[in-house]
Amino acid sequence: QVQLVESGGGLVQAGGSLRLSCAASARIFSMYNMGWFRQAPGKEREFVAAIRRSGGAPYYADSVKGRCTMSRDSAKNTAYLQMNSLKPEDAAVYYCAAGFTLDQNEAVMMSPDNYGYWGQGTQVTVSS
């Protein structure tokens, strides 16, 4: 059983930065794709960023490309999402997710249906 625990959310002014962390209960990065998703009130959960289990450059949603950087530290079993130049529309609950797929193309990585493990979420609030 994989457990994921997010942290790092909070209240920040527009233009500010936050770094979200996702601590995994086991060494999973070589076995599972890792993703960040977010969900704002009244909206569906949406893809933010993901890293393939095989490594390589992360995928990003167009809405955060150039402002967010996803990384992982295998020694710490922790994935990160560095978010800069935050906008009010970035406000949401951010979820970390892990999942296994044979195919690791962008469409697969962007779908929440392909992630079987989820954290409890961390709230990000951006004031204008």
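In this predicted model, the side chains of R67 and D90 meet in a salt bridge, with 2.7 Å from N to O. R67 sits in the loop between strand 6 (59-60) and strand 7 (68-73), while D90 sits in the loop between strand 8 (78-83) and strand 9, so this pair ties together parts that are 23 residues apart in sequence. Are these two residues buried or exposed? Both R67 and D90 are buried.

Why can such partners come together at all? Side chains of opposite charge can pair when their charged atoms come close. Across the whole structure, a search finds four salt bridges. The table shows three pairs, including the one you have just met.

| Pair | Closest N to O distance |
|---|---|
| R67 and D90 | 2.7 Å |
| R38 and E46 | 2.5 Å |
| D62 and K65 | 3.2 Å |

Now look at how these partners are placed. R38 is buried, with a relative accessible area of 6%, whereas E46 has 35% relative accessibility and counts as partly exposed. In the other pair, D62 is exposed at 66% and K65 is partly exposed at 47%. Which residues are linked in a network of salt bridges? The network is made of R38, E46, R67 and D90.

Next come the cysteines. The search of the whole structure finds one disulfide, and this bond joins C22 to C96, with 2.0 Å from S to S. C22 belongs to strand 3 and C96 to strand 9 (residues 92-99), so the bond ties together parts that are 74 residues apart in sequence. The torsion about the S-S bond is about -75°, so the disulfide is left-handed. Both C22 and C96 are buried. What about C68? Its closest cysteine sulfur is in C96, 14 Å away, which is too far for a bond. C68 is buried too, because its relative accessibility is 6% and buried means under 20%.

The rings deserve a look as well. There are six aromatic pairs in the whole structure. One of them is Y32 with Y117, an edge-to-face pair with 5.7 Å centre to centre and 90° between the planes. Y32 lies in the loop between strand 3 (18-24) and strand 4, and Y117 lies in strand 10 (residues 117-118), so the pair ties together parts that are 85 residues apart in sequence. Y32 is buried at 17% relative accessible area, while Y117 is partly exposed at 22%.

F37 and F47 offer another example: their ring centres are 5.8 Å apart and their planes stand at 75°, so this pair is edge-to-face. F37 is in strand 4 and F47 is in strand 5 (residues 46-51), ten residues apart. F37 is buried at 0% relative accessibility, and F47 is buried at 8%. Ring pairs also link F37, F47, Y95, Y115 and W118 into a cluster. R45 joins the scene here: R45 lies over the face of Y95, 3.9 Å from the ring centre, and its charged end sits over the ring of W118, 4.6 Å from the centre of that ring.

Finally, find N33 in strand 4 (residues 33-39). At 2% relative accessibility, N33 counts as buried. What does the side chain of N33 reach at 2.9 Å? It reaches the backbone nitrogen of R53. Leaving aside neighbours within four places in sequence, N33 is in contact with several residues, among them I51, R52, A97, F100, M109 and Y115.

Conventions. Residues are numbered from 1 along each chain as its sequence is written. This is a predicted model: local features need pLDDT of at least 70, side-chain atom pairs count only at pLDDT 80 or more; totals for chains, interfaces and linings use all residues. Side-chain values use heavy atoms; hydrogens and water are left out. Helices (H or I, at least four residues) and strands (E, at least two) are DSSP runs, numbered from the N terminus. Buried means under 20% relative accessible area, exposed over 50%, partly exposed in between (1.4 Å probe, protein chains only). A polar contact is a pair of N or O atoms within 3.5 Å; within protein, one must be able to donate a hydrogen and the other to accept it, and residues adjacent in sequence count only if both atoms are side-chain atoms. Contact means heavy atoms within 4.5 Å. Rings of Phe, Tyr and Trp (its six-membered ring) pair if their centres lie within 6.5 Å; planes under 30 degrees apart count as stacked, over 60 as edge-to-face and the rest as tilted. A charge sits over a ring if NZ of Lys or CZ of Arg is within 6 Å of the ring centre and within 35 degrees of the ring normal. A disulfide is a pair of cysteine sulfur atoms within 2.5 Å.
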